[in-house]
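Here are some exercises to work through with the model open beside you. Try each task before you read its solution.

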Amino acid sequence: MFGYSMAEIGNIMVMQGFAGLSMFSVLLLMALGLAIIFGQMGVINMAHGEFMTIGAYTTVMLSKLAVAYGFVNYYFIFAIIVAFVLAFAIGYLVEFTLIRHLYKRPLDTLLATWGLSLVMQQIFRSSFGAKEVSAELPEWLLGSFQPTPDIDIPINGVFVMGLAAVVTFGVFLFMFRSQWGLRVRATVQNRVMAGAVGINTKKVDRVTFALGCGIAGVAGAAFTTIASTGPTTGTLYIVDSFMVVVFGGAASLFGTIASAFGIAQAQSILQFFMTSSMGKVATLLTIVGILMMRPEGLFASKVRK
Amino acid sequence: MSNTDFILAIEDLTVSFDGFKAVDKLNLYVDKNELRVVIGPNGAGKTTVLDLICGKTKSTSGSIKFKNKELTKLAEHEIVRAGVGRKFQTPSIYENLTVYQNLEVSYPRGRSVWGSLLFKRSDDVMTQVYKVAEEILLKDFLDMEAALLSHGQKQWLEIGMLLMQEPELLMLDEPVAGMSAKERDQTAELLNRICQNRSVIVIEHDMEFVKKIAHKVTVLHQGKILAEGSMDKVQADEKVIEVYLGH
Amino acid sequence: MKTLSDKLLGGKQGVLGLALLALLIMVILPLGLDIFRLNLVGKYLTYAFVALSLVLLWGNGGILSLGQGMFFGLGGYCMAMFLKLEASDPISTKIQTTPGIPDFMDWNQLTAIPWFWEPFKSLPLTILAILIVPTIFAYIIGFAMFKRRVGGVYFAIITQAIALILSILIVGQQGFTGGVNGITDLKTMLGWDIRTDSAKYILYYVNAILLFGCIFLSRYILTSKFGMLLLAMRDKEERVRFSGYDVSDFKIFTFCVAAMISAIGGAMFTLQVGFMSPSFVGIVPSIEMVIFAAVGGRMSLIGAVYGTLLVNYGKTVFSETYPELWLFLMGGLFIAVVMFFPDGLAGIYQKHARKIPFLKRWVAEEKQKQTDAHASHGKASTTLGAEA
């Protein structure tokens with residue numbers, strides 16, 4: 001097969017698999033935020049990628065600061081938190097000024113948030129320049145470990161994966177084990193009733209949206225460990241993340257994880273055997289094909305509408 | 001199942017949603033020109049039965065025969081074309097179109113893509129629209145945008161849209177919900193008129209109204225038939241009283 | 001009863017709107033602009049085809065396609081393939097390793113024209129392909145999605161993904177498509193040099209006439225029962241289905257017509273501008289074209305043309321002088337149109353036109369005519385009822 005021996009194929013699979021895991025982690029974090037916003041609120045946020053970029057630039061800027069004052073080894077955890085808070089705050093503001101006026105018009109929300117993404121991209125370009133910048137990574141994130149001589153696993157990939165796991169678990173706790181999550185789910189299922197039993201549904205919307213944006217900010221922080229950041233970084237991930245959410249079945253947390261994993265792995269492994277663009281084409285084409293067979297996504301349950 | 005004289009014959013109909021049986025081995029027969037009322041407490045499966053007949057929900061098992069034609073395998077529009085009309089619980093009309101247009105769109109000609117492109121507003125269409133508009137007491141509102149009608153008028157308009165299709169079986173889900181007492185009386189008269197040459201199934205909670213129109217009443221409970229017969233007989237049935245009043 | 005001419009022209013108001021637009025496009029702009037600027041307007045007007053298709057599909061049908069760029073691109077590529085083959089005769093390509101094939105194929109070590117390029121040696125087949133290929137493509141997508149009742153935001157996202165796939169594919173398959181540069185250096189059509197000023201004038205007018213043809217076609221569709229059903233479906237899809245219509249058929253048809261109209265625009269783009277590239281296929285151009293329709297007024301066919309001209313004029317002016325400002329403006333436009341002017345220019349016109357005296361009279365007359373018709377007919381039917 002393609003002129004490789006079986007052992008080599010095995011190693012390639014493992015290494016591409018791990019490369020895929022880094023991508024899976026970023027994609028999962030992006031998609032988690034989207035799944036909350038789209039799955040729970042039915043809002044299409046085309047500017048979601050730009051919230052990731054906010055997180056990425058935040059991390060890059062903090063790393064510059066860290067280099068200047070010599071605390072490179074400790075800033076990263078702090079950066080993740082700041083990225084979350086900043087993206088959360090801006091998301092909160094966006095919901096208040098824009099999104100809340102458009103809840104009954106999902107297609108219009110899509111267009112308005114696209115406009116927002118253009119504005120945000122230009123703000124990034126004007127403030128940070130058109131060139132891509134990268135964060136100074138702390139030493140403990142650099143390098144790799146080698147379980148066998150032929151396999152090389154980068155530490156940053158493992159770290160990002162750990163981060164994604166923690167955030168996913170956090171989202172699970174928040175949505176399904178906390179009072180807040182209960183309110184969010186109640187509002188989604190029956191807005192009028194939720195309002196009648198004393199839930200401030202407007203506030204729930206705002207926090208839900210902001211939370212989704214905040215998670216995108218964390219995705220941005222994670223993103224800086226594997227690539228450099230530019231004004232249009234977010235646009236690279238937006239279609240993929242939407243595909244993850246739709247493919248996984250919009251309201252299913254497990255579906256989102258599984259489909260992020262599948263899509264990232266497929267792209268990563270296919271890219272090794274084909275050109276990178278054809279790997280992407282093949283993956284997207286498969287997803288679109290499956291979605292045409294099963295439009296409700298892979299993990300949606302049968303319910304009475 | 002063999003052929004029958006019934007206009008509608010439902011046998012062993014079951015539908016389950018993730019294990020919950022909303023309709024459970026239901027048998028229901030409706031005669032030609034009969035006006036049947038289906039009552040039952042909330043969650044009895046009344047609306048689901050209508051959904052199953054008109055194809056909105058697909059059954060898990062069982063059969064629905066309309067004029068001896070199996071409906072369970074047909075698409076919604078095919079069921080309508082076979083002669084079954086359905087009114088929804090909340091009035092479902094085209095708010096942005098006028099009353100006239102609402103009725104005209106429902107006229108059963110030009111139902112294919114090309115047919116609708118070549119459709120002409122001929123005299124027979126207009127005559128039918130006026131006839132129905134008069135029937136549903138909306139003759140003076142033809143040019144009004146449907147959104148401006150009162151709630152009761154919207155209910156009538158939707159019934160009118162169904163009458164445009166001249167269905168042989170008409171299914172109405174709570175047709176007098178939100179109507180004034182006068183409107184209820186007018187609707188009862190309307191239903192008594194239109195069931196002259198077609199069968200009608202009505203879901204209703206208002207017992208006064210049911211008394212005025214029902215030929216026969218079916219009581220549903222937990223997806224099964226609890227009792228069936230004349231209004232008086234059903235009202236005297238102990239099981240029915242228990243279900244409605246509780247223990 | 002409406003006659004055919006009434007349907008196409010849309011009453012006195014419609015005639016006025018069309019006449020003004022025709023005057024602008026056919027007389028004022030050609031007289032007032034030099035050929036370079038007029039050619040630019042011609043380019044914008046090819047986008048207007050797409051905006052028009054979105055008025056049908058999105059404004060009236062409620063189906064937002066974020067992939068109209070791919071149909072524009074398919075039409076444009078079909079035309080470009082024909083022109084490229086003509087420009088690649090053995091004599092002008094004799095320095096290549098394989099003379100007689102397009103230059104980019106030669107650069108990518110191809111030695112023969114791929115099979116799917118063969119039909120584009122003939123102009124009639126090319127024209128057929130421009131009309132048919134995007135339509136079949138739309139049919140396949142539409143059939144798969146609408147038969148399974150995929151709509152709304154799902155449809156938007158999936159069409160966007162398909163547009164992305166197509167653009168990556170075109171960029172990735174350099175040898176077959178010219179890659180990221182697209183198909184360039186187009187010179188003649190059946191020996192007629194399309195780069196001269198006179199050719200540009202002729203193509204401008206051909207384009208304008210085709211545009212009006214598409215406006216008439218769309219207007220016919222919208223004023224027929226089909227158009228009324230489209231509106232009905234947008235608002236109450238379920239009710240239409242339970243009135244005995246196969247909703248998916250109507251959506252598929254609309255999607256196909258929209259694809260075909262976009263493709264004609266794409267083909268005219270290639271002819272007037274002299275190249276076609278993947279930058280007109282992907283996500284960004286597809287969604288930008290939505291804003292053209294939105295600015296003009298998503299329900300208005302004529303508005304779509306004005307919207308396209310206006311936004312592109314703005315883009316040209318601003319991106320020449322203040323390129324940074326343009327993205328802010330474009331983004332702001334998306335937000336403002338959606339939040340404050342959902343009916344676009346046409347909506348603003350409608351609101352204020354009523355104040356113009358003769359328009360006011362026309363509207364009143366039209367309304368009276370309709371009411372009279374109903375009243376007289378209604379009376380006839382009641383008397384008939386009384387006799388019976």
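**Exercise 1.** In this predicted model, find which residue of β2(B) stands opposite B:A9, then work out how the two strands pair.

*Solution.* Start at B:A9 and look across to β2(B): the residue facing it is B:Y29. Next, follow the chain directions. Strand β1 of chain B covers residues 8-17 and strand β2 of chain B covers residues 20-30. The two pair in the antiparallel sense, over seven bridges. Finally, look at the turn. Two residues lie between the strands of this hairpin, and B:D18 takes a positive phi near 50°.

**Exercise 2.** Extend the picture from β1(B) to the sheet of four strands, and give the strand order.

*Solution.* Begin with the other neighbour of β1(B): strand β4 of chain B (residues 61-66) runs antiparallel to β1(B), and five bridges join them. As a landmark, B:I10 stands opposite B:I64 in β4(B). Now step from β4(B) to β5(B), again antiparallel, with two bridges. Here B:F66 faces B:K69 of β5(B). The hairpin of β4(B) and β5(B) has two residues between its strands, and B:K67 takes a positive phi near 50°. Putting the steps together gives an open sheet in the order β2-β1-β4-β5 of chain B, with antiparallel pairing. The edge strands are β2 and β5 (69-70) of chain B, each pairing on one side only.

**Exercise 3.** Trace the six-stranded sheet of chain B and name its edge strands.

*Solution.* Reading across the open sheet, the order is β6-β7-β8-β3-β9-β10, and the pairing is mixed. Its edges are β6 (84-87) and β10 (224-229) of chain B, which each pair on one side only. From one strand to the next, the twist averages 20°. For a parallel pair, pick β7 (residues 169-173) and β8 (residues 199-203) of chain B, which share five bridges. Your landmark there is B:L169, opposite B:S199 in β8(B).

**Exercise 4.** Which strands of chain B does helix α1(B) lie across?

*Solution.* Take the six-stranded sheet to begin with. Helix α1 of chain B (residues 46-54) lies across β3 (35-39), β6, β7, β8 and β9 (216-221) of chain B, and runs at about 145° to β7(B). Then turn to the four-stranded sheet: α1(B) lies across β1, β2 and β4 of chain B, at about 110° to β1(B).

**Exercise 5.** Describe the interface of chain A and chain C, and identify the partners in its salt bridge.

*Solution.* Start with the residues: chain A gives 39 to the contact and chain C gives 40. Then take the area. The two chains bury about 3,500 Å² between them, with 85% of it on carbon and sulfur atoms. Last, look for charged pairs. One salt bridge is found across the interface. A:D108 pairs with C:R298, and their closest N and O atoms are 3.2 Å apart, so the pair meets the cut-off of 4 Å.

**Exercise 6.** Find the residues of chain C that make a nonpolar surface patch of about 670 Å².

*Solution.* Use C:I140 as your starting point, in helix α6 (residues 123-146) of chain C. The patch is made by C:I140 together with C:L125, C:L128, C:I132, C:I136, C:Y139 and C:F143.

How values were computed:
Residues are numbered from 1 along each chain as its sequence is written. Chains are lettered from A and ligands numbered from 1 in the order in which they are written. This is a predicted model: local features need pLDDT of at least 70, side-chain atom pairs count only at pLDDT 80 or more; totals for chains, interfaces and linings use all residues. Side-chain values use heavy atoms; hydrogens and water are left out. Patches are made of residues with over 30% relative accessible area and no salt bridge: like charges are joined within 9 Å, nonpolar side chains (Val, Leu, Ile, Met, Phe, Trp, Tyr) within 5 Å. Accessible areas come from the Shrake-Rupley method with a 1.4 Å probe; for residues, only the protein chains shown count as cover. A salt bridge is a side-chain nitrogen of Lys or Arg within 4 Å of a carboxyl oxygen of Asp or Glu. Two strands pair if DSSP finds at least two bridges between them. Axes are lines fitted to C-alpha atoms, for helices over the stretch in contact, and angles run from 0 to 180 degrees between N-to-C directions. Contact means heavy atoms within 4.5 Å. Buried area is the accessible area (1.4 Å probe) that two parts lose on being put together, summed over both.
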